[in-house]
Amino acid sequence: MALVCAAGALAGVPSAQAQVYRCTGGNGETVYAQQPCGTGAKEVTIRANRAATRTPGEAATQSAVFRSTDLSDASIAERNCVNAARSSIQRPVDRRIDTYQRQVAALNQQLGDDDKDALAAATRDAGVRAQIASLEQSISAERRSADSSLGTAQQRCAEQRRDREANIERKYAPARAAGDTAPQSL
């Protein structure tokens, strides 16, 4: 902490290095100061950090990393969009299909019931089979509807990703052309 304070105090010094003194404090801790701070003070040379400028190669690398990260984020956003759509579409459909399938199972059990009157049994079985066929059609319709809705959602998510990627390309195009790292704000 003391070194950070001493380095911060030297921030206004234009030279590339500065003199600092290292001492031992009253509790045995190491203390840094700009003036000698006791009889055991030792002079320490602190070099300033490298300048904040970057080479064109460093700037291009940084821009490429930022662009790649933004493109990865666009891909993740698309995947999250599709997963959210799948969840909101599939959950209610699965519940309805499960209900239909339980009804079909119950009707199938009725088909096995013995009835002493053959005509009554045949009539009942025909009605049960018609109900089963209707429920199976409902199950197929639910699946088709869910597939259609999911396909539409996937297209919407893909369009959002393409839009985001186009914005990213516009954001980094000037930086790549000029070798600059300052992406354009959107």
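**Exercise 1. Classify Asp125 as buried or exposed, and identify its salt-bridge partner.**

Solution. Step 1: the classes rest on relative accessible area, with buried meaning under 20%, exposed over 50% and partly exposed in between (1.4 Å probe, protein chains only). Step 2: Asp125 has a relative accessibility of 14%, so it counts as buried. Step 3: a salt bridge requires a side-chain nitrogen of Lys or Arg within 4 Å of a carboxyl oxygen of Asp or Glu. The side chain of Asp125 meets that of Arg124 in such a bridge, at 3.1 Å from N to O. Step 4: Arg124, at 26% relative accessibility, counts as partly exposed.

The model is predicted: local features need pLDDT of at least 70, side-chain atom pairs count only at pLDDT 80 or more, and totals for chains, interfaces and linings use all residues. Residues are numbered from 1 along each chain as its sequence is written, and side-chain values use heavy atoms, with hydrogens and water left out.

**Exercise 2. State which secondary-structure elements the chain has and in what order they run.**

Solution. Step 1: helices (H or I, at least four residues) and strands (E, at least two) are taken as DSSP runs, numbered from the N terminus. Step 2: under this rule the chain has three helices and three strands. Step 3: read from the N terminus, the order is α-β-β-β-α-α.

**Exercise 3. Check the span of helix α2 against its number of residues, and locate its kink.**

Solution. Step 1: the expected span of a helix is 1.5 Å times one less than its number of residues. Step 2: α2 has 56 residues, so its expected span is 82 Å. Step 3: the C-alpha atoms at its ends are 80 Å apart, which agrees. Step 4: the bend at a residue is the angle between axes fitted to the seven residues ending there and the seven starting there. In α2 a kink of about 25° lies at Gln90, shortly before the proline Pro92.

**Exercise 4. Find the disulfide, and describe its geometry and its place in the chain.**

Solution. Step 1: a disulfide is a pair of cysteine sulfur atoms within 2.5 Å. Step 2: searching the whole structure yields one disulfide. It is formed by Cys81 and Cys157, whose sulfur atoms are 2.0 Å apart. Step 3: this pair links distant parts of the chain, with Cys81 in helix α2 (residues 56-111) and Cys157 in helix α3 (residues 118-178), 76 residues apart. Step 4: the angle about the S-S bond is -70°, and the link between Cys81 and Cys157 is left-handed. Step 5: both Cys81 and Cys157 are buried.

**Exercise 5. Determine how many salt bridges the structure holds, and examine those of Arg67 and Arg161.**

Solution. Step 1: the search of the whole structure gives seven salt bridges. Step 2: one of them joins the side chains of Arg67 and Glu169, at 2.7 Å from N to O. These two residues belong to distant parts of the chain, Arg67 in helix α2 and Glu169 in helix α3, 102 residues apart. Arg67 counts as partly exposed at 24% relative accessibility, and Glu169 counts as partly exposed at 26%.

Step 3: Arg161 forms a salt bridge with Glu78, the closest N and O atoms being 2.7 Å apart. Here too the pair links distant parts of the chain, with Arg161 in helix α3 and Glu78 in helix α2, 83 residues apart. Arg161 counts as partly exposed at 26% relative accessibility, whereas Glu78 counts as buried at 17%. Step 4: Glu78 and Arg161 are linked with Glu165 in a network of salt bridges.

**Exercise 6. Describe the surroundings of Gln131 and Ile132.**

Solution. Step 1: Gln131 lies in helix α3, and Ile132 is found in helix α3. Step 2: Gln131 is partly exposed, with a relative accessible area of 43%, while Ile132 is buried, with 8%. Step 3: Gln131 and Val104 are 27 residues apart in sequence, and their C-alpha atoms are 8.1 Å apart in space. Ile132 and Ala106 are 26 residues apart in sequence, with a C-alpha to C-alpha distance of 9.6 Å. Step 4: contact means heavy atoms within 4.5 Å. With its neighbours within four places in sequence set aside, Ile132 is in contact with Val104, Leu107, Asn108 and Leu111.
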